[in-house]
Amino acid sequence: MRKSITSVVKRGIRSIKHRAAVYARRSSGSHLKKTVLKDGGIVWSCGVGWIAKKAEKYEAMFERENAKGITSNIFCDRMYPMKTMSRDYAVEQELQSGKWSFQNMLVIRNPYGESPLTALAVFQTEKACRVRVTVKGDIPETDFVSELPMTKYHRIPILGLYPGRENHVCLELLEDNGEVAVAHVVPVWTMNLPKDLRNVIEVKKVSDQPAFQNILVSGGLGIKTCMFDRQGQIRFYIRRFAKGYGVFPLGNGHFFYMEKEVSTPTFTNPQTIQSYDMDYLGRTFMCYLTKNGVHHTAAVKAGGNILAGSNTMIEHTEDKVIEIDRTNGEIVWSLSMDEIFDDYYVDMRDWAHLNSAEYYEKDNSILLSLRNLHTVCLVDYTTKELKWILADPKFWKKTTMTDKVLRPVGEVPWIYQQHAAYELDEDFDGNPDTKHILIFDNHWAKRRKAKSFDKDPLSYVSIYTVDEKNFTVSLYKRFGFPKTKIRANGIYCPKERRMYSMAGWYAEPIEDNQGGIYEFDFDTGELVSDFRVKPGFFRAYNFEPDMEELAKPVQAPEDYVGGELRTPVRLEEEIEFVAGNKVKHPAISLMRQEEILFVRGVDHQIRAVYFVGEHENYVVQYGENEQTMDIFREVEYYLAFQIHTLPKGRYRIYLDVDGNIQNTGKWVQLQ
């Protein structure tokens, strides 16, 4: 018997009884809860605790060689990829068990523990069929709808749930002709939003047909990565704060997540040294370790590798781009900014400030945005030759790169402390020799003064036309909005003819909001949508989960940890280690994940970590740079290093805390 989605939803909503509020808050519940639907269907629901308990017996299957034989009195947590793979394997065992059918299904809320407003429905059907999933919105325009391919074994990702309520999720089995064979409305309860996500989105204006139905907000200081709909309702978030740069979409529903709590000290902003390849269901596929840190940008290069900002760390920071092999975390290519520029502007620690890097296969080039040089430039990937500079020619007049600066055609308003430069695919002028470059022009010149700065009170999303044959640049189109001094990005939507300005951090708060998102009609310049984000953010994007990819089981890699961190080296000097001199600073603590040891402290507080053995001592040093910016002096984070290279034996752990060697009372043993 076939039923329309409308009739099923109406009857389902009437038939599902509201559970006690206390149960709605038990999203990590480790027990199955039975719900009998009026049409006779049964739903068994649980939180992540239930599947996590099931997964424990599978963890040994994914244990890595580097983690074996290490014991310690330090708290040890499993790494996020280990949690994902063991839980995903447990889900697959449930699916293959034959226990779950459409009439007797399993629903796991937040199955991987990282995305509280998601769920996973698990069941088999007698014959292969497609499934349509509809999370009912408060208005029809905010329904979250997806359709999954034909199979007998169904892992149904459910995204777009509202927080703090019973959600009504319609699951429909579809006939070959697309008609509904049978349907259930399944109740899915969710926890309330955390305090930092409450009342953070204000809708000032929204188009009848916005190009982005759901917007992903990423990065910033006071907001978790989250998605909101056209009504300003948050329908997705990641439970942990990312680094201030947030997450970066990698395609196929994956994103690059920069860990906030694990960094290395630099001359300025401590840099993330532990990052992840994740998806919107909260699954973590790879952990990338980067000794010199990553920052500001991550983008997929042709072939699948990841381009990210990094640091030379010798005398400067945020002055390097690296290519990370996505399969093993190795750095396979790098470019330091001092390889392409002379030293005229190498006059401060953060002299270049790389904030975007994009690779273009058609001409094997990399487009870079360098905020503290007021410059966007193009570099040949293979030869590392600087091809051209888009910037005010006056700014580069006293350097040796004047022949690389594009010549202006007509009145060209120049960029200042810009962000997020991209080449557009569109051909606006019919000229095969031109490129169209989209830039978020913050139009701000406080970090590096520029004599030509015009003090324009607005910021802009601008499109510049670069004629590589004639070596010229002109302005094609420009959209203005309130001054945004840092962060931000722009996005052009060719199909809808819209331009988005993701203004992450206003120069001055506007009506108690620190950031805003503006949607413009590309042809008329009319502002058609206006959203405000109270805490501000780093970048924002269209929310584009790949539901088919989310429905697939995880394919475990050969090793889910790639790259490298610092490792202990043999201590040559004689140092007295006094057992009674105990660590007393409240910020200092230790933890471990497999072979990675973490030591938490205040920025630049810990100068060395010592491993005191029976015969030899080892050390990890951290004294090669000093903090030059006051705003980072009180930041707390974990240092991290790999200890599997230590010779076998037992080691007591001491720290050099501001020049005073102190005993942690912790030990580690390698067998």
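**Inside a predicted model: a helix, a core and a cavity**

In this predicted model, V48, G49, W50, I51, A52 and A55 are buried in helix α3. Let's work inward from there.

Q: How many of the eight residues of α3 are buried?
A: Helix α3 runs over residues 48-55. Buried means under 20% relative accessible area, and V48 and A55 are among the residues that meet this. The helix is mostly covered, and its count of buried residues is six.

Q: Which elements are included in what covers the buried residues of α3?
A: W50 and I51 are among the buried residues of this helix. The cover over them and their buried partners includes two strands and a helix: β2 (42-46), β5 (104-109) and α4 (80-96).

Q: Which strand gives the most to the largest nonpolar core?
A: This core has 111 residues, and F123 is one of those with the most contacts inside it. F123 touches, among others, L95, M105 and L171, leaving aside residues up to four places away in sequence. The strand that gives the most to the core, nine residues, spans 119-135: it is β6.

Q: Which strand supplies the largest share of the lining of the second largest cavity?
A: The whole structure holds four cavities of 30 Å³ or more, and the second largest has a volume of about 60 Å³. Its lining includes V599, G601 and V602. Two strands, β41 (596-602) and β44 (636-642), each supply at least two lining residues. The largest share, three residues, comes from β41.

Terms used
Residues numbered from 1 in each chain as written. Predicted model: local features only at pLDDT ≥ 70, side-chain atom pairs only at ≥ 80, totals over all residues. Heavy atoms only, no water. 1 Å grid on protein atoms, 1.4 Å probe; cavity = no way out; pocket = protein on both sides within 12 Å on 5 of 7 lines; lining within 4 Å. Points joined across faces, edges and corners; volume = space filled by probe spheres on them. Helix = DSSP H or I, 4+ residues; strand = E, 2+ residues; numbered from the N terminus. Buried < 20%, exposed > 50% of the residue type's maximum accessible area, 1.4 Å probe, protein only. Contact = heavy atoms within 4.5 Å. Core = buried A, V, L, I, M, F, W, Y, C linked by side-chain atoms within 4.5 Å.
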